[in-house]
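Grab a coffee and pull up the viewer. Here are a few short exercises on how a ligand and its protein fit together.

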Amino acid sequence: MKIVVIQGPNLNMLGHREQHIYGAMKLEEIHAQMEAAAKQNNFEIEFFQSNLEGEIVDRIQECLGEADGIIINPAAYGHTSIAIRDALASVALPVVEVHISNIYRREEFRHTSLIAPVCAGQIVGFGPFGYHLATVSIIQIIGEIVARREAQAKE
Ligand code: DQA
């Protein structure tokens, strides 16, 4: 089973960027924690970060036939990108959306997520720990899908 983690614009700046909002952890440190949780559960995990909307759309499309679930922090594109939402809807894989900060407590333009309706769930406001919650959540969701498939095959 494989999880693909997609990180949107400016998340490569974590650890440096607005630490009072996003914390001090660097993206590589967050990914190392996610990798440990995935490995413990015998899941493969791959990481991708881009500042470009089209590259994120391409990476989502590549998940078809390659991944069993997606964790995405679309960053600012979550508030604006119909293209990313459509890409997620096209691949029809389980998706967990993550935002480090609580977007609902911030400026009004951050209150809308265009991708939330095509996600299984959303984890917001728990800081970098949200990525760990997202990892265990997607593992649980994929496990349930596999169990359902196996039960149907036996019927
Ligand atoms: C963010 C919230 C977005 O509003 C913002 O543009 C980001 C990071 C978060 O993780 O809290 O870049 O997605």
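The exercises below work through a predicted model, from the pocket to the ligand inside it.

**Exercise 1.** Work out where the ligand sits and what lines that place.

*Solution.* Start with the location: the ligand sits in the largest pocket. Next, get a feel for the space, which comes to about 150 Å³. The lining has 15 residues, and R17, Y22, A75, A76 and R110 are the closest to the pocket's centre. Finally, sort that lining by class: you get 7 nonpolar, 5 polar and 3 charged residues.

**Exercise 2.** List the residues around the ligand and sort them by class.

*Solution.* Step one is to collect the residues with a heavy atom within 4 Å of the ligand. That gives R17, Y22, N73, A75, A76, H79, H99, I100, S101, I103 and R110. Step two is the sorting: this shell holds 5 nonpolar, 4 polar and 2 charged residues.

**Exercise 3.** Find side chains that make polar contacts with oxygen atoms of the ligand, then say how much of the ligand the protein covers.

*Solution.* Look for N or O pairs within 3.5 Å. Try S101 to begin with: a side-chain N or O atom there is 2.6 Å from a ligand oxygen. Now check the arginines. R17 puts a polar side-chain atom 2.9 Å from an oxygen of the ligand, and R110 has a side-chain N or O atom 2.9 Å from a ligand oxygen. As for cover, the ligand on its own has 320 Å² of accessible area, and the protein covers 98% of it.

Note on methods. Residues numbered from 1 in each chain as written. Predicted model: local features only at pLDDT ≥ 70, side-chain atom pairs only at ≥ 80, totals over all residues. Heavy atoms only, no water. Polar contact = N/O pair within 3.5 Å; in protein donor to acceptor, adjacent residues only side chain to side chain. Areas by Shrake-Rupley, 256 points an atom, 1.4 Å probe, with all protein chains shown as cover. 1 Å grid on protein atoms, 1.4 Å probe; cavity = no way out; pocket = protein on both sides within 12 Å on 5 of 7 lines; lining within 4 Å. Sits in = over half its atoms within 2 Å of the grid points. Nonpolar A, V, L, I, M, F, W, Y, C, P; charged D, E, K, R; others polar. Points joined across faces, edges and corners; volume = space filled by probe spheres on them.
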